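User: Hello! I would enjoy going through this model with you, one question at a time.
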Amino acid sequence: MKQSYTPSAQPQRTRLLASLMLVLSFCFLTANDAQAQGFGIFEQGTCASARGGAAAANPCEDGSSVYFNPAGLAGTSGWTFSGGVSNIIQVGDYTADDTGESTDVDSPVSVVPHVYAAYGATDRLGLGFGVYVPFGLNTRWPTDFRGALLGYDNNLQSIYIQPSVAYQLTDRIKVGGGLVVSVSSVELNQRLDLAQQLAEPDQGVTFAQLGIPRNTPFAEATLDADPAVSIGGNFGIQAALTDRISVGARFTTPIKMEYDGEASFRQVATDLVLPAGNPLGAPAGTPLDGVLQQSFTEGPLVTQGIETEITMPAQFVAGLSVQATERLNLLLDYQWTGWSTLEDVPLNFEVSTDDAIVLNYNNSHNIRAGAEFDIDEVWTVRGGYVYNRPASPDETVTPLAPESERNRPTLGLGVKPFAGVELNLAYQFVNQNDRRGRTRGADPGEQVTTDLNDGLYRIDAHVLATTLTVRF
Amino acid sequence: MTTFLQQAVRRGLYLLVIAALTLTACENDSLLSPEPPAEDLFTNYVALGNSITAGFQSDGINGQTQQASYAVLLAQQMGTSFTVPELNLPGCPPPLTNPLTGERVGGPDAPECALRATPPPRRINNTAVPGAAVLDALSNLDMESNANTLTTLILGGRTQVERAAEVNPTFASVWLGNNDVLGAALSGVVTPDNVTSPDVFQQRYSAVLDQLEAAGAEGGVLVGVADVTQVPHLSPGAAYFGAEQQGALPPTFQVDASCAPAALGGVGEETLVPFGYGFGELLTAAQGGTEVTLNCGADARVLSAEELTSLGTAVASYNAIIEEEATTRGWAYYSPNPTFAQLRAAGDIPLFPDVQNPTALFGPIFSLDGVHPSSTAHELVAEEIADAIDATYGTSLSP
């Protein structure tokens with residue numbers, strides 16, 4: 001039996017506005033700590049997330065069409081404000097081939113906020129504004145993890161600030177777009193392997209050639225970039241083929257971020273002592289740490305400037321929406337992400353030799369299926385399923401982003417307790433296939449191949465999202 | 001509505017459980033590391049030792065000779081992963097190809113030391129270092145340490161037991177002690193200063209085993225000290241006497257009658273002449289036109305009967321200690337000496353270098369320095385050690 005819906009009273013609306021402000025305040029307060037699992041984040045709205053992210057042909061009415069398809073802003077009536085967070089809880093471990101030892105990932109809960117506003121200026125003209133984080137990364141491992149040599153605490157976030165406009169061209173076609181201002185920051189923390197350092201620079205002899213085993217950390221490096229700002233765009237089109245069937249598409253341009261920052265290095269004790277006859281010619285009993293100390297005060301490991309750049313990839317999404325029944329909406333999206341532009345992350349040091357994080361990413365593909373069922377005018381249940389291919393090829397699965405194929409079932413619930421107010425909750429289980437990967441970089445002259453892989457990453461995640469939406 | 005909602009939620013949860021169970025199939029343990037060896041005991045095998053275990057042959061060592069070590073062969077029989085600290089070709093130093101001319105692998109332009117191969121492993125299973133006595137397994141910095149360039153190249157600033165502990169050993173082989181007596185034998189001069197006393201040997205050897213057990217070693221095999229008087233680097237004085245009689249030595253190389261067999265009034269059968277002295281110094285000088293004389297009764301560089309007795313006593317004492325340690329700890333024990341004595345008796349270990357065949361100067365069992373076993377000998381030793389392990393632990397390493 002369908003329950004009747006009674007509009008709420010004005011005092012209730014005031015209280016809810018206060019609640020909304022509280023939520024938004026929380027989002028901004030935590031924005032600096034916003035962290036995300038994986039490099040691409042699709043959880044930009046709880047309603048859409050509950051549908052498996054399928055929203056290109058029929059965005060949710062919470063303003064998130066600013067991201068999912070700006071064309072959806074056309075036809076909006078009145079004001080819509082929404083804000084929320086997606087909490088990403090990463091779990092899993094790495095198991096080493098040679099010892100069988102496992103190390104648990106130590107990533108904190110990543111809180112990814114999203115804030116949207118939409119306004120129907122006329123029947124055909126819609127305006128919108130959004131702040132969201134479509135690209136982010138936060139992976140943390142114990143510092144004594146062997147993979148710490150590739151990174152043990154790495155943060156990257158790109159906040160997209162997007163004013164948008166949309167227009168209904170015909171009764172069935174809408175277009176929209178927005179300017180994206182991306183504000184991005186990155187911090188990389190890793191240990192440095194003495195084995196890969198030059199012991200005799202003039203002769204090109206490394207410490208490895210003198211007997212220092214791989215994975216002998218002697219320094220910790222922090223590469224902290226200042227926030228960078230760059231410009232891009234997000235565009236969409238939506239067409240109603242019939243009264244029940246609509247299609248839509250979105251294209252987000254790539255945005256190249258150029259960072260300036262500081263690289264600082266701290267010495268880590270190796271406690272190695274040189275015996276008599278050592279190839280360095282040092283007296284017997286010489287602590288190697290003492291020999292290395294000079295590198296931190298006047299050598300290549302002094303605090304210095306660093307430049308790097310990362311291109312946030314283009315995204316193209318095409319979607320289909322079928323209103324199967326009066327209450328049931330079925331959705332299907334396909335997404336292409338142009339990760340192949342990200343071959344490496346250059347690390348151009350002011351003093352030290354330039355380096356690069358090799359990624360060799362491939363373009364990735366997503367399929368998302370979703371369903372939304374209105375139980376009544378108050379309650380809505382949603383479900384979905386996402387399948388996505390990884391961007392990283394087999395040779396660049398590292399502690400930085402140990403990704404793999406993912407299957408992600410989603411479930412969500414929406415409730416409209418009062419007129420103009422909607423609260424959405426969603427859960428997503430990110431089931432990532434186990435994947436072999438590595439914990440070390442290539443030595444000088446060594447190719448980055450799967451021969452470097454030395455263990456198995458088993459990573460999954462849970463995503464809990466909530467969004468509060470208010471409409472006037 | 002409530003009933004409807006409950007049903008909807010129940011169906012959703014049901015579907016989620018089905019999906020989760022289905023997705024569990026995406027876990028793939030086959031992607032994990034290679035299967036562990038059949039015996040848990042051999043999961044992490046580590047070898048401690050000296051030049052023999054390291055794979056030193058023909059006065060040199062490189063990746064090829066390292067792979068010929070009995071320790072590598074034993075690990076293969078165990079079916080366990082075993083990493084050696086590989087040295088680049090031609091070696092460090094490159095092995096001899098002709099000990100009479102001094103030619104080595106790589107030719108005259110080869111570097112004295114080609115350093116370690118890269119990329120290096122994270123951990124090494126063969127921690128043995130050429131030149132190491134028992135003390136060197138515990139310390140690289142002791143005043144009596146025999147640390148050398150290879151100590152750093154192989155161990156990288158740690159000791160053998162420290163590197164061994166990094167492997168989390170479940171099983172260890174220890175062949176140490178040869179260099180506690182070998183230096184004296186090869187120099188031809190035996191004194192209390194160049195032979196480790198049994199008491200000190202006992203203390204150091206026990207400490208090595210204690211530290212291995214503390215690192216997790218559940219078992220092991222202890223190899224007795226080789227009878228250094230059996231190596232073909234040491235030739236009886238009588239052999240030099242015979243060579244002179246047969247005209248095999250240049251006229252400028254005189255061999256005193258003291259080197260004659262006992263039947264001819266000499267002590268030549270009871271004395272041993274180091275190759276480095278007899279050939280390296282005397283013969284080289286004689287070929288250069290200098291008249292030299294080998295005297296088995298008065299030459300301090302010749303090992304006398306008394307010195308040989310001292311060496312034999314030391315080796316016997318060491319091996320009694322080692323065997324007792326093995327018995328006490330329940331580890332396997334193997335002595336190579338009976339087999340090498342048989343090979344010497346059978347002529348496979350020559351009494352005098354075969355100068356007509358410089359590429360096999362010391363026969364098939366020893367390499368071209370006359371001290372270190374050949375690859376053939378390593379195969380033989382590996383088989384016999386496997387037998388000893390099988391006998392102690394009931395394993396089936398031997399084919």
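User: In which loop of chain B is P90(B) found?

Analyst: Happy to help, and please keep in mind that this is a predicted model. The peptide bond leading from L89(B) to P90(B) is cis, with omega near 5°. As for its place, P90(B) is found in the loop between α4 and β2 (96-98) of chain B.

User: Which peptide bond has omega near -5°?

Analyst: Here we look at P93(B), which has its place in the loop between α4 and β2 of chain B. The bond that leads into P93(B) is cis, and its omega is near -5°. The peptide bond you want runs from C92(B) to P93(B).

User: Are α4(B) and α14(B) parallel or oblique to each other?

Analyst: Helix α4 of chain B covers residues 70-78 and helix α14 of chain B covers residues 375-393; their axes come within 8 Å and cross at roughly 50°. The crossing is right-handed. An angle of that kind is neither under 35 degrees nor in the range 65 to 115, and therefore α4(B) and α14(B) are oblique.

User: How many nonpolar residues does the contact of α4(B) with α14(B) have?

Analyst: On the side of α4(B), the contact includes L73(B), L74(B) and M78(B), while V381(B), I385(B) and I389(B) are among the residues from α14(B). Besides two polar and two charged residues, the class count for this contact gives a nonpolar total of nine.

User: What is the angle between the planes of F135(A) and W339(A)?

Analyst: F135(A) sits in strand β4 (residues 125-140) of chain A and W339(A) in the loop between β17 (328-337) and β18 (344-349), 204 residues apart. F135(A) is buried at 1% relative accessible area, and W339(A) is buried at 6%. Their ring centres are 5.8 Å apart and the pair is edge-to-face, with an angle between the planes of 85°.

User: Which helix holds F296(A), the partner of F218(A)?

Analyst: F218(A) and F296(A) form an edge-to-face pair, 6.1 Å centre to centre with 65° between the planes. Both F218(A) and F296(A) are buried. F218(A) lies in strand β9 (residues 217-225) of chain A, so the pair ties together parts that are 78 residues apart in sequence, and the helix that holds F296(A) is α5 (residues 294-297) of chain A.

User: Is D271(A) buried or exposed?

Analyst: D271(A) is found in the loop between β12 (255-267) and β13 (273-274) of chain A. Although not a glycine, D271(A) has a positive phi of about 60°. Its relative accessible area is 54%, and because the cut-off is over 50%, D271(A) counts as exposed.

How values were computed
Residues numbered from 1 in each chain as written. Chains lettered and ligands numbered in written order. Predicted model: local features only at pLDDT ≥ 70, side-chain atom pairs only at ≥ 80, totals over all residues. Heavy atoms only, no water. Axes fitted to C-alpha atoms, helices over the stretch in contact; angles between N-to-C directions. Helix = DSSP H or I, 4+ residues; strand = E, 2+ residues; numbered from the N terminus. Parallel < 35°, antiparallel > 145°, perpendicular 65-115°, else oblique. Left-handed = near helix turned anticlockwise from the far one by under 90°. Contact = heavy atoms within 4.5 Å. Nonpolar A, V, L, I, M, F, W, Y, C, P; charged D, E, K, R; others polar. Phe/Tyr/Trp six-rings, centres within 6.5 Å; stacked < 30°, edge-to-face > 60°. Buried < 20%, exposed > 50% of the residue type's maximum accessible area, 1.4 Å probe, protein only.
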